[in-house]
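Please look through the sequence and the structure below before reading on. The paragraphs that follow lead from charged side chains to a strand, and from there to the interior and the surface.

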Amino acid sequence: FYLLHSAPRLPRVPTTVSMSLQLRNDQTRHNVIDMSPYCNSSAYHNSSPHQAVMKRECFTKLNHTLQTDDFAFVHGLGIQGSLCNDALKAAKSFLHDADESVRRSCLTKDRARRGYSPASTENFASLIGEEGPNDVVKKYRVGPESRGGDPTNGTSTLHQANAWPAKEVWSNEIASFFRSTTEEYFEKICIA
């Protein structure tokens, strides 16, 4: 799960889900992807040919949109809009509004899996075996934490502690909102 903030020279992304869904011109309409063929409760139990076609169309449109435009607006995930809006507010408060010291308190050795990565310090191209310039984007990553009784219990790089902002550098109220909202959104998006 990533929270991303593009550099000012790149196009700005709307700050709320409702704003993104209100975009109705031809240029952006094709970037809106309905994920309900994968994410609604009946999709899990429906293996009909019609459902398979809907899933394939969804996959094809999402893949094409990401390859041609580098972004997509998705809906139909089964996540309440209020939680999506809160997650966007939390991301904005961390990636845009907070002082750099707040973000830097979340630096980790393994930034590819957890914590904050400043702009221009990584590049996606290297992950897919290509060369390219570093990405002009700030990133904050969270993932599943190791839990008691978990067989991986710290042995897997996928299960490790998340890096949360230090209380010494960010107000407790904002830090608590950021953490609780991010954890709740991460939990819901994993189920979607």
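**From charged pairs to the core**

E100 counts as partly exposed, because its relative accessibility is 26%, a value that, like the others here, is computed from a predicted model. The side chain of E100 meets that of R104 in a salt bridge, with 3.2 Å from N to O. R104 is likewise partly exposed, at 44% relative accessibility, and because the two residues stand four apart in helix α7 (residues 100-104), about one helical turn separates E100 from R104. Side chains of opposite charge can pair when their charged atoms come close.

The structure holds seven salt bridges, and another of them joins the side chains of D97 and K92 at 3.1 Å, N to O. Both partners of this pair reach the surface in part, since D97 has a relative accessibility of 48% and K92 has a relative accessible area of 34%.

A further salt bridge, at 3.4 Å from N to O, links K139 with D135. Here K139 counts as buried because its relative accessibility is 9%, whereas D135, at 22%, counts as partly exposed. Through salt bridges that share partners, E122, D135, K139 and R141 become one network.

K139 also leads to strand β5 (137-141), where five of the five residues are buried. In a regular strand the side chains alternate between the two faces of the sheet. Both faces of β5 are covered, with V137, K139 and R141 buried on one side and K138 and Y140 buried on the other. The strands β4 and β5 run antiparallel and are joined by three bridges, and G115 has R141 in β5 as its bridge partner.

Y140 is one of the residues with the most contacts inside the largest nonpolar core, which has 15 residues; the others so placed are F94, C106, W170 and F178. Helices α6 (81-97) and α8 (172-191) each supply at least two residues of this core. Neighbours within four places in sequence aside, C106 is in contact with F94, G115, Y116, Y140, A163, W164 and P165. Another core, of 10 residues, lies apart from it and includes M35, C58, L83 and Y185.

What makes up the nonpolar patch on the surface? F124, L127 and I128 form this patch, of about 340 Å². L127 is placed in the loop between β4 (115-117) and β5, and L127 counts as exposed because its relative accessibility of 63% is over 50%.

Methods. Residues numbered from 1 in each chain as written. Predicted model: local features only at pLDDT ≥ 70, side-chain atom pairs only at ≥ 80, totals over all residues. Heavy atoms only, no water. Patch = residues over 30% accessible without salt bridge, like charges linked within 9 Å, V, L, I, M, F, W, Y side chains within 5 Å. Areas by Shrake-Rupley, 256 points an atom, 1.4 Å probe, with all protein chains shown as cover. Salt bridge = Lys/Arg side-chain N within 4 Å of Asp/Glu carboxyl O. Buried < 20%, exposed > 50% of the residue type's maximum accessible area, 1.4 Å probe, protein only. Pairing = 2+ DSSP bridges. Core = buried A, V, L, I, M, F, W, Y, C linked by side-chain atoms within 4.5 Å. Contact = heavy atoms within 4.5 Å.
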